[in-house]
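Q: Please take a close look at one buried part of this structure and follow its contacts outward. Cut-offs for the terms would help.

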There are 2 protein chains.
Amino acid sequence: MCNTSNVESSQDQSQLLKGVLDLAVLAVLADEDGYGYDVVRRLREGGLEGVAEASVYGTLRRLFVDGLLSSYVVPSDEGPHRKYYALTKDGRKRLVSMTSSWATFAEAVERIVNRK
Amino acid sequence: MCNTSNVESSQDQSQLLKGVLDLAVLAVLADEDGYGYDVVRRLREGGLEGVAEASVYGTLRRLFVDGLLSSYVVPSDEGPHRKYYALTKDGRKRLVSMTSSWATFAEAVERIVNRK
DNA sequence: TGGAAGTATTGCACATTGCATAGTAGTACG
DNA sequence: CGTACTACTATGCAATGTGCAATACTTCCA
């Protein structure tokens, strides 16, 4: 008597995340500079509970390589050093364009799903 | 003097689609049985204008293999035969669970993006 | 002293999936 | 007969999220 939909729902998330992680990470960093471990926490608190650490670190590196993020290292008393990331000018532009992409996309999905 | 955000916005879509195509195709077929070429049209009319034919055919095959769709061939006077797909019982269950996954996910993204 | 736990980052191999491309085939129109 | 539109299939590529292992620093407890 065990419905598997919960399991399936969790697995869905990793595919749904594709493309959206960039947006989510940029949005979180626009709010305030942050380092990987911290960004993970903020995303999970925001509702993306399933997000894996490796995904966030990978995304940060990619966005950095693309020139959307700058970074600086800050030593910490409570553990290893922290690599902070901040939005660049291009990063802010990209955040704006991705936000509107997302809005358009989400509307289309709602339209298709909710049309009975 | 040419802003590239439009180009970028279009490119975003193919990543955003990941995982959502399953949901969109199931939703469209729940409305009414359909064949590949027709499903493509309906998705585009619904707002997913960039979706590629190969993606839809691939998704249909995958959902069929997974037992979420059944299929039957109907000859056509206006061209080649048409392979119709219909939701199975499992398909309907999956549609329900994916719809709720999507809702939860979209809410989380909105929350993260719109938190100033 | 030593070891577990929490913090913080990196690298790699892997699976999924959307897409471009090419090919096959039927109908219709000029 | 060639072009266009319809309709489906197969192949290989590219992007990206994830698991896993490794490294390393700090605190705390036995």
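A: A:L63 is buried, at 1% relative accessible area; buried stands for under 20%, exposed for over 50% and partly exposed for the range in between, with a 1.4 Å probe and protein chains only. This is a predicted model, in which local features need pLDDT of at least 70 and side-chain atom pairs count only at pLDDT 80 or more, while totals for chains, interfaces and linings use all residues. Residues are numbered from 1 along each chain as its sequence is written, chains are lettered from A and ligands numbered from 1 in the order in which they are written, and side-chain values use heavy atoms, with hydrogens and water left out.

The residue A:L63 belongs to helix α4 of chain A, residues 53–65 (helices are DSSP runs of H or I with at least four residues, strands are runs of E with at least two, and both are numbered from the N terminus). Not counting residues up to four places away in sequence, A:L63 touches A:D22, A:V25, A:L26, A:L68 and A:L69, where contact means heavy atoms within 4.5 Å. One of these partners, A:L26, is 37 residues from A:L63 in sequence, with 8.7 Å between the two C-alpha atoms.

Another partner, A:D22, sits in helix α2 of chain A. A:D22 counts as buried because its relative accessibility is 14%. With neighbours within four places in sequence left aside, A:D22 is in contact with A:T59, A:R62, A:L63 and A:M98.

Buried charged side chains appear again in helix α3. Side chains of opposite charge can pair when their charged atoms come close. The structure holds eight salt bridges over all chains, a salt bridge being a side-chain nitrogen of Lys or Arg within 4 Å of a carboxyl oxygen of Asp or Glu. In chain A, A:R42 pairs in this way with A:D38, with 3.2 Å between the closest N and O atoms. Both of these residues, A:R42 and A:D38, are buried. They are four residues apart in helix α3 of chain A, which means a separation of about one helical turn.

In chain B, the salt bridge between B:R42 and B:D38 has its closest N and O atoms 3.2 Å apart. B:R42 and B:D38 are four residues apart in helix α3 of chain B and therefore about one helical turn from each other. Both B:D38 and B:R42 are buried. Back in chain A, salt bridges with shared partners link A:D38, A:R41 and A:R42 into one network.

The side chain of B:D38 also meets that of B:R41 in a salt bridge, at 3.9 Å from N to O. These two lie three residues apart in helix α3 of chain B, about one turn of the helix. B:D38 counts as buried because its relative accessibility is 18%, whereas B:R41 is partly exposed at 38%.

The buried residues of α3(B), residues 36–45, are B:G36, B:D38, B:V39, B:V40, B:R42 and B:L43. Their cover includes α5 of chain A, along with α2 (20–31), β1 (34–35), α4 (53–65) and β3 (82–87) of chain B. After α3(B) comes B:G47, with a positive phi near 125 degrees.

That cover leads to the interface. The contact between the chains takes 37 residues from chain A and 37 residues from chain B. Chain A and chain B bury about 3300 Å² between them, with 66% of it on carbon and sulfur atoms (buried area is the accessible area, 1.4 Å probe, that two parts lose on being put together, summed over both). On the chain A side, A:L16, A:F105 and A:I112 lose the most area to chain B, together 21% of what that side buries.

Between chain A and chain B there are zero salt bridges. Four residue pairs across the two chains are in polar contact, both residues at pLDDT 80 or more (a pair of N or O atoms within 3.5 Å; within protein, one must be able to donate a hydrogen and the other to accept it, and residues adjacent in sequence count only if both atoms are side-chain atoms). The helices α1 (5–16), α2 (20–31), α3 (36–45) and α5 (89–113) of chain A each supply at least two residues of the side that touches chain B. The largest share of that side, 14 residues, comes from α5(A).

Across the interface, B:F105 is in contact with A:Q13, A:L16, A:L17, A:V20, A:L48 and A:W102, leaving aside neighbours within four places in sequence.
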